[in-house]
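Trainee: I should like to learn how the terms used for packed helices are justified. May we work through some cases together?

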Amino acid sequence: MIKDLTIRPHVRKVRKSPTLSIDQERDQPLSSQRIREELEKSSDIIFREFHLRADQETTCILAVVDGLIDKALLNQFILKVLMVDMPVDPDFNKFTGKNIVDNVLKFLAPANEVKKITKMGEAIDSILSGDAVLFFEGFQEALHIGARGWASRAVSEPQVESSIRGPQEGFTETLRTNTSLLRRRIKHPYLRIVSLKIGELSKTDVVVCYVEKVVNSDVLSEVLRRLSKVEIDGVVAGDYLEEMIEDAPYSPFPTIYHTERPDVIAANLLEGRVAVMVDGTPTALLVPITLSKLMQVSEDYYERAMITSLVRMIRYLGAVISVLAPSLYIAVTTFHQEILPTSLAMSIAAGREGVPFTALIEALLMTLTLEILQEAGLRLPKPVGQTIGIVGALVIGDAAVKASLVSPLMVIVIGITAVASYAIPAYDLGIAIRLIRYPLMFLAGSMGFYGLGIGLYAGLIHLISLRSFGVPYLSPIAPLRIRALLQDTFVRAPWWAMKKKPKLIDVEDPNSGSGGTK
């Protein structure tokens with residue numbers, strides 16, 4: 001069990017709008033007139049009045065949001081049934097000894113998702129969520145009728161986390177589509193999907209997914225506790241929640257993983273993690289997370305173990321080069337030229353002849369130029385962005401060398417750094433490494449290897465102190481867990497060798513197979 005589950009800091013809160021009058025009435029008995037007064041001010045909310053064929057005396061009001069309702073279902077299975085198909089009965093309101101609401105509920109129940117509601121808040125939430133609500137004049141009860149149907153993006157290939165051999169399905173902006181993709185992969189009653197609503201104004205649907213008897217109960221309760229404490233006007237995307245519940249908001253390193261692949265979420269749920277999905281967001285949040293997990297991709301589990309292990313080593317090498325290459329160049333050329341072979345030192349000195357800047361300023365200029373090119377290429381349309389990135393790097397680099405602003409070796413170092421950074425699979429982790437590159441460059445430029453060592457030790461101490469929902473960020477390296485280290489960290493063992501789940505997050509069933517295999 002996790003013993004050091006702490007919140008650092010507590011869940012953040014943001015300034016909220018004043019409580020509106022209609023919100024103060026959410027627990028009041030249902031009033032169709034009050035709801036109509038409040039919602040009819042919006043042109044997309046429609047109130048349709050009609051009479052039941054079985055009871056011409058009672059006025060019914062059907063409230064829907066145009067654009068969120070399935071009009072075919074509404075006309076064919078609700079309005080037509082109530083106004084045309086329902087049998088005429090002069091004693092309709094008496095033949096069961098119940099009121100008209102119960103009789104209509106009984107009549108509609110076989111063909112629709114129908115339930116009775118009695119509170120103002122329930123009716124408003126149902127209407128604005130895309131369902132139909134049927135009011136009865138003179139009654140403080142209404143019927144919630146499931147009739148959602150809006151335009152949505154079809155399930156397509158993930159845009160960021162592409163895979164060669166793996167599934168080509170990615171999450172969409174529709175929450176129930178995403179949960180169905182997950183349910184298809186874990187067909188067991190222990191897969192739990194808990195629904196929440198977060199946002200005082202947006203009332204955004206959020207689900208927490210986990211596998212009972214596998215998930216750590218401490219982690220699960222902490223996820224639910226943090227989500228329940230979130231106070232915000234609206235949640236437009238899952239990234240809002242990420243910043244509200246993460247452990248270390250001032251750390252450059254991400255402590256919550258997000259993915260757009262259902263297969264990644266399913267595999268991690270089977271390892272004991274917890275997923276959070278937000279309606280309107282094509283990505284899911286995954287906790288707890290470790291640094292080694294951020295260096296893995298779904299393709300690692302579809303290729304053979306030997307190939308995966310080699311590719312992982314290349315990724316880690318790329319991460320090290322991305323962090324250290326500019327700093328090492330600065331430290332060596334500024335303070336430690338004696339460690340270089342004579343011929344190489346002479347070549348570097350010849351290349352730097354005529355350059356008016358120190359190695360630190362030279363590296364900063366080229367690194368900032370690279371950052372600008374990356375940001376410009378990311379924001380422009382894909383064909384134009386790729387062209388800008390390649391042409392910009394070639395033209396600017398060549399012009400800078402010819403103008404004696406930078407040395408040729410510096411262009412090579414920055415180019416290798418840029419290419420190595422692309423080997424880091426997690427975008428958030430790549431940004432963190434780009435960020436910590438700058439203080440390391442300053443330390444190397446001021447104190448050489450000594451300053452670089454201080455920076456690396458400070459970074460290591462920070463990583464050791466990080467937690468993701470109580471799980472050490474450097475697990476299974478610190479604390480050392482041999483089985484997890486050998487099975488699925490720097491290398492991946494073959495599936496047939498993973499007879500026990502690696503003890504990364506102290507799941508309650510450590511004897512079950514890793515990733516759902518035995």
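Mentor: Let us begin with a crossing, bearing in mind that the model is predicted. Helix 6 passes helix 9 in a right-handed crossing.

Trainee: Why are helix 6 and helix 9 called oblique to each other?

Mentor: Helix 6 (residues 175–185) and helix 9 (residues 262–269) pack at an angle of about 55°, with their axes 9 Å apart. Angles under 35 degrees count as roughly parallel, and 65 to 115 as roughly perpendicular. The angle of about 55° belongs to neither range, and helix 6 and helix 9 are therefore oblique to each other.

Trainee: Which residues of helix 6 and helix 9 meet?

Mentor: Leu181, Leu182 and Arg185 of helix 6 meet Pro262, Asp263, Ile265, Ala266 and Leu269 of helix 9. By class, this contact has 6 nonpolar, no polar and 2 charged residues.

Trainee: What makes helix 11 roughly antiparallel to helix 15?

Mentor: Helix 11 (residues 305–334) and helix 15 (residues 408–421) pack at an angle of about 160°, with their axes 7 Å apart. Angles over 145 degrees count as roughly antiparallel, so helix 11 is roughly antiparallel to helix 15. The crossing of these two helices is left-handed.

Trainee: Which residues make the contact between helix 11 and helix 15, and how many of them are charged?

Mentor: Helix 11 contributes Gly318, Ile321, Ser322, Ala325, Pro326 and Tyr329. From helix 15 come Leu409, Met410, Val413, Ile414, Ile416, Thr417, Ala420 and Ser421. By class, the contact has 10 nonpolar, 4 polar and no charged residues.

Key:
Residues are numbered from 1 along each chain as its sequence is written. This is a predicted model: local features need pLDDT of at least 70, side-chain atom pairs count only at pLDDT 80 or more; totals for chains, interfaces and linings use all residues. Side-chain values use heavy atoms; hydrogens and water are left out. Axes are lines fitted to C-alpha atoms, for helices over the stretch in contact, and angles run from 0 to 180 degrees between N-to-C directions. Helices (H or I, at least four residues) and strands (E, at least two) are DSSP runs, numbered from the N terminus. A crossing is left-handed if the near helix is turned anticlockwise from the far one by less than a right angle, and right-handed if clockwise. Contact means heavy atoms within 4.5 Å. Ala, Val, Leu, Ile, Met, Phe, Trp, Tyr, Cys and Pro count as nonpolar, Asp, Glu, Lys and Arg as charged, and the others, Gly among them, as polar.
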